[in-house]
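Good morning, colleagues, and thank you for the time. I would ask you to keep the sequence and the structure in view while I speak.

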Amino acid sequence: MSTLLENAPLLGSNSSNIIDEENSRKSSPTPLLSRRNNRSNRHNPREVAVKAAPYGLVALLVFIVSITCIILFLPHNRPEGKHEKEIILPQQLTRNIFAHLKAFEKIAQYYENDTIPTSSIPLYSSKIIKFFNKSMKSNPSISEASTEIFDEEENYAYTTKRPSRSITAGYNASALYIISLLKKNTRCEVKLQYFKVPIWEKIKEAELNVTFLPDNDDDDDDRHKKGTVTYQGGVDFWSMRYGGESATLSKQQVVIIPESGCNENGWDKVKDKIALIQEGGKCDFWKAAYKAEQKGASAVIFYNSPARRTLLYNRVRLVDWKERDPLMKIPVLAASYSLGQLLALSKEIKVDIQTYTKITVTDTFNVICLLRDGPEKENTLVFGAHLDSVPAGAGLVDNASGSATLLEILLAIERADFKPKNDLIFAWWAAEEIGLLGSRHFIREAMMSGEDEKIAMNLNFDMLGSPNYVPFIHKGEDAPSDVRNASIVIQNVFEEYFKAAHESYELIDMLAGSDFLPFLEHGIPSGMMHFISGVLTGAGGRKTEDQRHTFGGFANAPFDPCYHQACDTLENVSEEAIGVTSQAALYAITKFAKKENGITSSRTEVW
C-alpha cells in the first residue's frame, strides 16, 4: 500500500487535468473512432503481462537449471543426511592443518640435540597417564599441553643433531600432542598400541682395506706384500641397514657364494671368512645374510649387478619383524660392482673391515582413535597416516602433512556432529620409516583378536604437501586379485572428487612403500593419496615437462627436494597442495563413512 501511494500523482494535479479534458470534449467533439484509437494507445496491464510471460518463464527455467547444475556437478563436503552442518570451509581446514604443522615443527626443534643415547628410549607409561589426568582436569590449551610435555625432558632420548620426530627423538611428544587433542575434542576411545622395534644407527662410515699378496707367500711376512688399498666408504661400499653391530675384522679371507646365496651350495668353506655374494637371486638379502651368519661367516659383502649404478640400500632384516625375531650380528656391507669383481677375481687377498653401527630394540606405540557408534557394526573403516619422521629431519611433508590432515579432518567432523554409518578407526602409525612396523603390528593384533574380519577398507595418507607436487592416485587395478575390484572403487571415489573440483591428477602404480601395504597383503581393500587408494604428491621422483605444463612447478626437479632431509621443514610444505589434498581426503572419508553395507564379506566389491 505505501508503495502505491508514493507512486501516485498529487490529487490537485489530477483534478485539474480531468476538468480541462472535460471542457475540451464539450467544446470540440471527437469522432468515436478517434476516441477508440486514443484508448487503444493506452498501456493495457493485461496485455503487457501476456507479452512478458514468456520472458519470465525463460528466466525461471535458467535459474532452475543453474541450481540443478550446482547441486549435481560441484563437489560438496556436506555429508549425506538431513540437517547436518557444513563440516568445515576449505580455507579454514587448510589453516587448521598448518597450525598442527607448526606444532609438529616446534616439537622437532625441541629435539635438536647432540647426545647419542646409550640405551633404548623409555615410554614412561605412568607419566603419559598422569599427563592425561592432569590435562583433563585443567583443560590446558594446546600450547600449555605442549609445554608440559616438553618439560619432561628426561623422558626422551636423542639420536641426532638435527631436529627430528623419529622414534627415538620427537615421536613421543608428537603422539602426546595428538592424544591431548583427541581426549579434549572428540568422542574417541583412545588406545595406545605398544610394540617393540629395532633401531639401527650408523655412527660413522665403515672402513675397508684390501691387502694384495704374492701367490703362495706367507701373508704375515710384510716383505712380500704387494700393497694395501684403502677403499672409500660411502662411494665404493657402505654398511647396509640392519647389517649387524660394530665390528673389527683383520686379515679376512673371501669366499664366493654362488647363485646369490639362495641355495645350499658353497657354504661349506665360509666359516670365519667373508661371504661375497652378488645381488640378483630369488631369495632376499636377509635370507642370504642370515644363512651366512648361521654357517659361521665373519661378515657378508653384497655387491652390485653390472647394471646397478648406486650402492644397495636394502634392510637386512625380516620384513615383518616383531619382538624376539632375530637380527643380524655380523657386519653386512654393500659394495660396487667393480669392488665386488676385484674381491672375486683376486686369488691372494686379505681384507680388513671396521664398522661403526648399533642396533637397539626399543618400545614405541601407535595412537588409535575408535569411533564405534555406527549402526553398521560389521564394517570398520581404517584411516591412517604415519606420524614418525626419519632421524635426518623434522619430516613436515613426510609425513606431518598426512598426520595433521587426518587429525584436523577428525576434529572437523566431530565439531560438525557428523554421524557415520560405519565404525571408524583413525590411526597414527609409528615406525613407518623403519619398515611399516606400526601398521604391520596393527594388522597382526587384529588377526589375533579376529577384528581383521570387520575391517572393510583402509585409506592411507602420506606426503600430502610436496612443494613441486603432482596429485597422484593409486591405481586399484594393481591390487591383489581378491581386493582388486574394491580398490578400483576406492580409486574412483578420489577421481570423482578431482573431476568434480576441476583439479588435474595422475594415476600411479600401487607400489610398496607406505602403510597401505600390510592391509593389501592381508586382503583388505586399500587406497592411498600421495598428495591418498589413496592420493600422493610425490617423493624423490622428478617432474616431467608434460607434468609441468599440467600442474605447474619445475620440470626435471624432484617433487620434494627435501625428501628425508633436514630441510623438510614448514617452509617445504605447499599450502596449495594441502588445500587440494585435504579436501579430497575429507570427501573420501565422509563418503565412505556414510555408506551402508559398503563392502561384501569377500571384500571384492565396494557398494
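Of the 607 residues of this chain, 50% count as buried. Please bear in mind throughout that this is a predicted model. The chain exposes about 29600 Å², of which carbon and sulfur atoms supply 52%. Its secondary structure comes to 16 helices and 16 strands.

Let me begin with the helical part near the start of the numbering. Helix α4 spans residues 45–73, and Ile67 has its place there. How accessible is Ile67? Its relative accessible area is 36%, and because the partly exposed class runs between 20% and 50%, Ile67 is partly exposed. Ile67 also belongs to a nonpolar surface patch, together with Leu60, Phe63 and Ile64. The accessible area of these four residues together is about 380 Å².

A residue of helix α5 offers another case. Thr94 is found in that helix, which covers residues 90–110. Is Thr94 buried or exposed? With a relative accessibility of 8%, Thr94 counts as buried, because buried means under 20%. Which residues does Thr94 touch, leaving aside those up to four places away in sequence? Thr94 is in contact with Glu575, Ile578, Gly579 and Ser582.

I turn now to the strands. As general background, strands of a sheet pair through backbone hydrogen bonds, in either a parallel or an antiparallel manner. In this model, 5 strands make up an open sheet of mixed pairing, and their order is β3-β8-β7-β6-β5. At the edges stand β3 (237–239) and β5 (254–256), each of which pairs on one side only. From one strand to the next, the twist averages 25 degrees.

Within that sheet, strand β6 (residues 274–278) pairs with strand β7 (residues 299–303) in the parallel sense, over 5 bridges. To find this pairing on the screen, one may look for Ala275, which stands opposite Val300 in β7. What lies across β6, β7 and β8? Helix α9 (residues 285–294) does, and the helix runs at about 145 degrees to β7.

The next region is built around strand β9, which comprises residues 349–371 and contains Ile368. Strand β9 pairs with β11 in the antiparallel sense over 5 bridges. In that pairing, Val367 has Trp428 of β11 as its bridge partner. How is β11 placed with respect to the rest of the structure? Since 8 of its 8 residues are buried, β11 is largely enclosed by the rest of the structure.

Ile368 itself is buried, with a relative accessible area of 5%. Residues up to four places away in sequence aside, Ile368 touches a number of others, among them Val190, Ile425, Phe426, Trp429 and Phe442. Ile368 and Ile179 are 189 residues apart along the chain, yet their C-alpha atoms are separated by 9.0 Å.

Strand β12 (residues 455–460) presents a further enclosed element. Here 6 of the 6 residues are buried, so β12 is largely enclosed by the rest of the structure. Which strand pairs with β12, and in what sense? Its partner is strand β15 (residues 526–527), in the parallel sense and over 2 bridges. The bridge partner of Leu459 in β15 is Gly527.

I shall close with some details of the backbone. A cis peptide bond, with omega of about 5 degrees, joins Asp398 and Asn399. Asn399 has its place in helix α11, residues 396–415.

Two residues other than glycine deserve a look for their positive phi values. In Lys251, phi is near 50 degrees. Lys251 is found in strand β4 (residues 247–252), and its relative accessible area of 45% makes the residue partly exposed. In Leu436, phi is about 60 degrees. Where is Leu436 placed? Leu436 sits in the loop between β11 (422–429) and α12 (437–449). At 7% relative accessibility, Leu436 counts as buried, whereas Lys251 is partly exposed.

To leave you with a few landmarks: the open sheet of 5 strands with mixed pairing, the antiparallel pair of β9 and β11, and the nonpolar patch that includes Ile67. Thank you for your attention.

Note on methods. Residues are numbered from 1 along each chain as its sequence is written. This is a predicted model: local features need pLDDT of at least 70, side-chain atom pairs count only at pLDDT 80 or more; totals for chains, interfaces and linings use all residues. Side-chain values use heavy atoms; hydrogens and water are left out. Patches are made of residues with over 30% relative accessible area and no salt bridge: like charges are joined within 9 Å, nonpolar side chains (Val, Leu, Ile, Met, Phe, Trp, Tyr) within 5 Å. Accessible areas come from the Shrake-Rupley method with a 1.4 Å probe; for residues, only the protein chains shown count as cover. A salt bridge is a side-chain nitrogen of Lys or Arg within 4 Å of a carboxyl oxygen of Asp or Glu. Helices (H or I, at least four residues) and strands (E, at least two) are DSSP runs, numbered from the N terminus. Buried means under 20% relative accessible area, exposed over 50%, partly exposed in between (1.4 Å probe, protein chains only). Contact means heavy atoms within 4.5 Å. Two strands pair if DSSP finds at least two bridges between them. Axes are lines fitted to C-alpha atoms, for helices over the stretch in contact, and angles run from 0 to 180 degrees between N-to-C directions.
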